[in-house]
Amino acid sequence: MAVDLTQMTGIIEMVRENISKQPEYDKFNEARTREAIVAPILRSMGWDVADFGLVDVEYSVHGGEGARRVDYALWSESARRTVQGDKPVTLLEAKGVDEDLDAKSVIRKIRHYAFEAGVPYVILTNGKIWQAHAFPSAVLKEHHRLHESVDIHDDSIAPYDCAKTLAEMFDAVLASPKYSLTSGWTPVKNYLNIKKSRRNRHPTAIRFPDGQQFEVRFWSQLMEHAGNWLCVNGHLHAGRLPVLRNSRSAQPQTLVSDEDNTASWKEVGDEGLFVWTGGGPMYAPDDLGDLLVSCGLDQEDVYLRVPR
């Protein structure tokens, strides 16, 4: 992209002055950060926010109910968007000036964006601090910053040097080799927001927090794969019995048993445990969510690849 360092330097000087003068009653919230800081800086680097081939604002990273929207999706001049489905080069998420970018909830959120959109990098900023995050796997702790943080509000650094370093960060994102992420991954928690009537096709794969993923060919395999992974990793064992489905009827159904009652019970692990796999499209995803919670896992840390 064509970067105008002189223009960006002037914007950084203006940003420093405006932030220093912000009154207590009117802080830089996310919307103000986007309009007063992020959009001008993007323009100075060649991303015209009005050019649909380069920038999409409030970009939906996953369709359907519960869709997540990231503040900006960015394409490059060499790979402009020509149709709606073209994958962006990177995403950019903006927060309020006083928000902590290192909070686990923030990193988890942008990781979801990366996997759901099928891109390996997300740029994160609160207007003052700018970071580029790389997500090579579904494991939260394995993510890393592609570039050290750039604090454009740091008065000890000349505005021109801040502009140059920030431009280098964006260049690194555009030039770096791409990780082999594929689109269509969504957290179990987000998938459960889909209406049962729209679950016509089962997810095609399930991915666990350690990065392991397994093909799903039938609804029953959601629980079977989850049960085996939970057993192998010590989350599911005989001491946890009984594991029950969350109450959706007068008689909550057992999800994990030590008895093989019907063909819908599949043996998992090596302790003689059986998981219920007969939920089908109506209940299998909910049973999966209940099983994860019962075993102490966060539904946001297990992913499903959903057919488009």
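Contact here means heavy atoms within 4.5 Å. The model is predicted, with local features needing pLDDT of at least 70 and side-chain atom pairs counting only at pLDDT 80 or more, while totals for chains, interfaces and linings use all residues. Residues are numbered from 1 along each chain as its sequence is written, and side-chain values use heavy atoms, with hydrogens and water left out.

On that footing, Y72 is in contact with R34, V38, A39, L42, V49, V55, D56, V57, T90, L91 and L92, once neighbours within four places in sequence are set aside. Y72 also belongs to the largest nonpolar core (buried Ala, Val, Leu, Ile, Met, Phe, Trp, Tyr and Cys residues joined through side-chain atoms within 4.5 Å; buried is under 20% relative accessible area with a 1.4 Å probe, protein chains only). This core has 35 residues, and L42, Y72, W130, I152, L166 and F170 are those with the most contacts inside it. Among the elements that each supply at least two of its residues are α1 (5–20), β2 (69–74) and α4 (159–175); helices (H or I, at least four residues) and strands (E, at least two) are DSSP runs, numbered from the N terminus. Helix α4 gives the largest share, seven residues. A second, separate core of 29 residues includes V188, V268, L288 and L291.

Then there is E300, in the loop between α7 (280–294) and β14 (303–305). E300 is buried, at a relative accessible area of 15%. Leaving out residues up to four places away in sequence, E300 touches R68, R108, R111, H112, P187 and K189.

Conventions:
Buried means under 20% relative accessible area, exposed over 50%, partly exposed in between (1.4 Å probe, protein chains only).
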